[in-house]
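Thanks for coming. I'll take one structure today and go from the whole protein down to single residues.

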Amino acid sequence: MFRRLKIAWRPAQKDLETFRLVKFFTLTGFVVIVVFTVLLTLLVADRLQQMALKKSEDYASLLAANLNHQVFQQFVLPAAIRFQGRIQISDPEQYELLDTVVRNTIHGFHVQQVNIYDQRGDLAYSTDSIELGKNYLTVPEVKQSLDHGDSNIRLVVPKNILVSMLLGSKQDKYLKTFNPLRLESVEIKLTRELGPVIGVFEITQDISLDMAEIGKFQLMLIATLIVLMGLLFMVLRQIVKKAESILERRQEERKELQAQLELAERLAALGEMVAGVAHEIRNPLGIISSTAELLRKRLEANPSDGRLAQIIEEEVNRLNQTVTEFLDFARPREPNLQPTDVERILERGLEFLQPEIDRSQISLERHYQLNGQVLKADSELLYRAFLNIFINAIQAMPQGGRLIVATEPGPQNKGARIIIQDSGEGISSENVKKIFNPFFTTKDKGSGLGLSIVKGIVESHQGQIHIESNLNCGAKVIITLPELEA
């Protein structure tokens, strides 16, 4: 019944711990990738901002040159002719002419404000309603343009620029261009000569929309990459979780296999010992039984003495039955497959136990649906298995009850399913798990080998057996036998 098995035992717990370490590094790697992705996105967005800023600076330089030309051609020259060379921007008529020229030039461009400073650094003109005449020579860009004729560009950003970049929200950003106002030559020359500086242009451009678009692109890029990485991580997480569950299940299976192996080795050794002991016991039991039977016949004239001999004979028979169970457990018999009517075997067992069924006041119900179907089986082994189950059911109903015996075709109409159900005391869920273990019993008497032998007989027919039960709810034994070839 038992074989000594040897398996290659791998350290499952170590494998599981190693896999969990891999899972930890997977999560860490995901975090690192997300951080590097965000940093790379910020670098790309910063590069885009630099490119956009450079484009705005070039645009501002061209706008300043065009504004210088238009002011000289449409204001300086006409004003010099009209007012006999006296150019005074504070004069309302001249101011209106300059304002018209400036606004026509910047019309349609993203210019927030234009200021013009004279040679002393005084604010002489502005497109905004601000105080004129104030000196701005302390502004470094104004002084450098007047003294050296240099152009200067300055970016004005909000204080919370980092929050603006991350959130992609619109924040007012301005590009201030300080460009010298020069006199131009009225003669046409192939080479451009720089004229004297007579003032300074301050052109303020609103670049908020351009920067906001870059911020939106930056936020969209970050969100897209994070979502993609998150989806990738979720897929990887599911794969890791599935693999972890598989490893845990395999670890449990290995533990169960190891436990079964150890139990099988113990039972094999026990079976060998039991077989030897049972063989040695059976011979003396046979002598005691025959002697008790002879003694009972001689003492039939004395009923009291005859009863004692009968008790000896009954106990010897019971002990002989126990020894037989030990031998069946230790050396199970291979089934001799022959065409067998399963329902007839059930009826044979019920007829044998009918007196006990009547004495216990148990109502018996039969529900046979095999209709004479014949299976390849060992009739004697099945009879012993069914008889053992019937006896357990009767013993579970000492105060009477109901016993149902049913048969039906097996799965896909192949083989047979036998159902034996009682309304007795039932079995606790904990004991149901151990009910087929050798030597396990809930009775005061018995070897605990009955159901273990039944299970062995059913499995020797390549069948299956299981029990459904709860305390005080009876028990149902379900046996499934397949079709076998003789």
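Let me start with a methionine: Met 51 sits in helix α1. Helices here are DSSP runs of H or I with at least four residues, strands are runs of E with at least two, and both are numbered from the N terminus. Before going on, the ground rules. This is a predicted model, so local features need pLDDT of at least 70 and side-chain atom pairs count only at pLDDT 80 or more, while totals for chains, interfaces and linings use all residues. Residues are numbered from 1 along each chain as its sequence is written, and side-chain values use heavy atoms, with hydrogens and water left out.

Is Met 51 buried or exposed? Neither: Met 51 is partly exposed, because its relative accessible area is 47%, where buried means under 20%, exposed over 50%, and partly exposed in between, with a 1.4 Å probe and protein chains only.

Met 51 also belongs to a nonpolar surface patch of about 660 Å², together with Leu 40, Leu 43, Val 44, Leu 48, Phe 217 and Met 220. The elements giving two or more residues to that patch are α1 (12-82) and α5 (208-298). The largest share, five residues, comes from α1. A patch takes residues with over 30% relative accessible area and no salt bridge, and nonpolar side chains (Val, Leu, Ile, Met, Phe, Trp, Tyr) are joined within 5 Å. A salt bridge is a side-chain nitrogen of Lys or Arg within 4 Å of a carboxyl oxygen of Asp or Glu. Areas come from Shrake-Rupley with a 1.4 Å probe.

Now the whole protein. There are ten helices and twelve strands. Of the 486 residues, 37% count as buried. The protein exposes about 29,800 Å², with 56% of that supplied by carbon and sulfur atoms.

Next, a buried site. Thr 340 is in strand β6 (residues 338-341), and Thr 340 counts as buried because its relative accessibility is 5%. What does its side chain reach? One partner is the backbone oxygen of Gln 338, at 2.7 Å; another is the backbone oxygen of Ala 377, at 3.0 Å. Leaving aside neighbours within four places in sequence, Thr 340 is in contact (heavy atoms within 4.5 Å) with residues including Ile 345, Gln 373, Val 374 and Leu 375.

Last, helix α10 (residues 450-460). Its buried residues include Leu 451, Val 454, Ile 457 and Val 458. After α10 comes Gln 462, with a positive phi near 60 degrees.

Note on methods:
Patches are made of residues with over 30% relative accessible area and no salt bridge: like charges are joined within 9 Å, nonpolar side chains (Val, Leu, Ile, Met, Phe, Trp, Tyr) within 5 Å. A polar contact is a pair of N or O atoms within 3.5 Å; within protein, one must be able to donate a hydrogen and the other to accept it, and residues adjacent in sequence count only if both atoms are side-chain atoms.
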